[in-house]
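User: I should like to learn how to read the main features of a protein model. Please take them one at a time, with the general idea before the case.

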Amino acid sequence: MDIFREPRVTLIARPQFLEPAHLPVQWLGEGSDGERLAEYAGRLCYMSQRNPIHRTTAEYLENIKKQGHGSVLEHSVYVLLIEGISRSCSHELVRHRAGFGYSQISQRYVDESHAAFVVPPAILGDPALESDWERQVAAAQAAYVRAVEGLMERYAWIADKVHRRKLAREAARSVLPNATEVKIVVSGNARAWRTMLELRCGEGAELEIRRMAIAGLRVLQREASALFSDFEIYVADDKLDAARVTYHKV
Ligand SMILES: Cc1cc2nc3c(=O)[nH]c(=O)nc-3n(C[C@H](O)[C@H](O)[C@H](O)COP(=O)(O)OP(=O)(O)OC[C@H]3O[C@@H](n4cnc5c(N)ncnc54)[C@H](O)[C@@H]3O)c2cc1C
């Protein structure tokens, strides 16, 4: 049985900015395509392409966040592949609607007989709790396998094997635990990511989604620091990472 003890978050798509030759910006400082795109959109609003205040991209975007002019951040979309999170964690994640798109593994089509499971952070490191949890999860997976077999027999009269398997798996999944691992592709614009990260990196968030959000924040900060630099990661009283943000819900 494969067990995840932390999520894996991978950036799989980023913006590509194509600057129009007839309306260029006088850039200062470094900037990724996603950051330039947001700056470009912001400057268009006031036709300030000549950069009269001589701001670097980082300074410009800092001011955008400070002013709460968050709509210009919506142009820059980042796509993350998130693996090693539980079904309950992904359920919390998909509650974030505005500016997000999701594609998640289908338990109707995919055989979960060898699914991996995610240990809740609160259980990690306690051998007794961990081994009890592993026993429960293994028993649930065995029940799933038995249910699929039984359902395949019950519906043997259905000639289309793909349809029969789907019918079996969609019913058998009801015995799988919330801890079942999920893989999900998440597209979000920078404004949407910021709102989600603010809510889920905080100490009030459930521990697993907090761990996932921190991992996502690290990826996004590496990719586009000017869009996410005002998030500060710190070790909270519970000895786990959390993050606070300077500019709330821009
Ligand atoms: C610590 C914590 C505990 C939680 N506990 C629970 C719980 O017990 N039960 C539960 O059901 N959920 C719970 N949630 C989920 C929560 O209710 C939200 O569904 C989730 O945080 C997504 O937030 P959102 O709706 O602001 O996000 P999004 O859907 O991404 O929306 C972002 C923002 O866009 C605007 N917006 C989006 N949709 C609309 C709309 N239809 N109309 C007007 N404005 C809109 C709002 O300003 C909103 O804040 C919890 C969340 C957290 C962080």
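User: Among contacts in the protein between residues at least 6 apart in sequence, what percentage join residues at least 24 apart?

Analyst: Two residues are in contact if their C-beta atoms, placed from the backbone, lie within 7 Å. Among such contacts between residues at least 6 apart in sequence, 74% join residues at least 24 apart. The model is a predicted one: local features require pLDDT of at least 70 and side-chain atom pairs count only at pLDDT 80 or more, whereas totals for chains, interfaces and linings use all residues. Residues are numbered from 1 along each chain as its sequence is written.

User: How many helices and strands are there in the protein, and what box do the C-alpha atoms fill?

Analyst: Helices (H or I, at least four residues) and strands (E, at least two) are DSSP runs, numbered from the N terminus. The protein has 8 helices and 8 strands. Along the principal axes, its C-alpha atoms fill a box of roughly 75 × 50 × 20 Å.

User: What percentage of the residues count as buried, and which residues of helix 6 are buried?

Analyst: A residue is buried if 20 or more other C-beta atoms lie within 10 Å of its own, exposed if 12 or fewer, and partly exposed in between, with C-beta atoms placed from the backbone. Of the 250 residues of the protein, 32% count as buried. In helix 6, 10 of the 11 residues are buried, so this helix is largely enclosed by the rest of the structure. The buried residues are Ala190, Arg191, Ala192, Trp193, Arg194, Thr195, Met196, Leu197, Glu198 and Arg200.

User: At what angle do helix 6 and helix 7 pack, and which residues make the contact?

Analyst: Axes are lines fitted to C-alpha atoms, for helices over the stretch in contact, and angles run from 0 to 180 degrees between N-to-C directions. Helix 6 (residues 190-200) packs against helix 7 (residues 207-223) at about 140°, and their axes are 9 Å apart. Angles under 35 degrees count as roughly parallel, over 145 as roughly antiparallel, 65 to 115 as roughly perpendicular and the rest as oblique. The two helices, 6 and 7, are therefore oblique to each other. A crossing is left-handed if the near helix is turned anticlockwise from the far one by less than a right angle, and right-handed if clockwise; helix 6 passes helix 7 in a left-handed crossing. Trp193, Leu197 and Arg200 of helix 6 make the contact with Ile209, Arg210, Ala213, Gly216, Leu217 and Leu220 of helix 7. By class, Ala, Val, Leu, Ile, Met, Phe, Trp, Tyr, Cys and Pro count as nonpolar, Asp, Glu, Lys and Arg as charged, and the others, Gly among them, as polar. The contact of helix 6 with helix 7 thus comprises 6 nonpolar, 1 polar and 2 charged residues.

User: Is the crossing of helix 4 and helix 5 left-handed or right-handed?

Analyst: The axes of helix 4 (residues 127-154) and helix 5 (residues 161-172) come within 9 Å and cross at roughly 140°. Helix 4 is therefore oblique to helix 5, and their crossing is right-handed. On helix 4, the contact is made by Tyr144, Ala147, Val148, Leu151 and Met152; on helix 5, by Arg164, Leu167, Ala168, Arg169, Ala171 and Ala172. These residues divide into 9 nonpolar, no polar and 2 charged.

User: At what angle do the axes of helix 1 and helix 2 cross?

Analyst: The axes of helix 1 (residues 33-46) and helix 2 (residues 57-67) come within 10 Å and cross at roughly 60°. Helix 1 passes helix 2 in a left-handed crossing. Glu35, Arg36, Ala38, Glu39 and Gly42 of helix 1 meet Thr57, Tyr60, Leu61 and Ile64 of helix 2 in the contact, which divides into 4 nonpolar, 2 polar and 3 charged residues.

User: What phi do Asn51 and His54 have?

Analyst: Most residues other than glycine have a negative phi. Asn51, although not a glycine, has a positive phi of about 55°, and His54 likewise has a positive phi of about 55°. Asn51 is placed in the loop between helix 1 and helix 2, as is His54. Asn51 counts as partly exposed, with 16 C-beta neighbours inside 10 Å, whereas His54, with 9, counts as exposed.

User: Which residues surround the ligand?

Analyst: A residue is near a molecule or strand if its C-beta atom, placed from the backbone, lies within 6 Å of it. The ligand is surrounded by Arg95, His96, Arg97, Ala98, Thr195, Leu199, Arg200, Gly204 and Ala205. This shell divides into 3 nonpolar, 3 polar and 3 charged residues.
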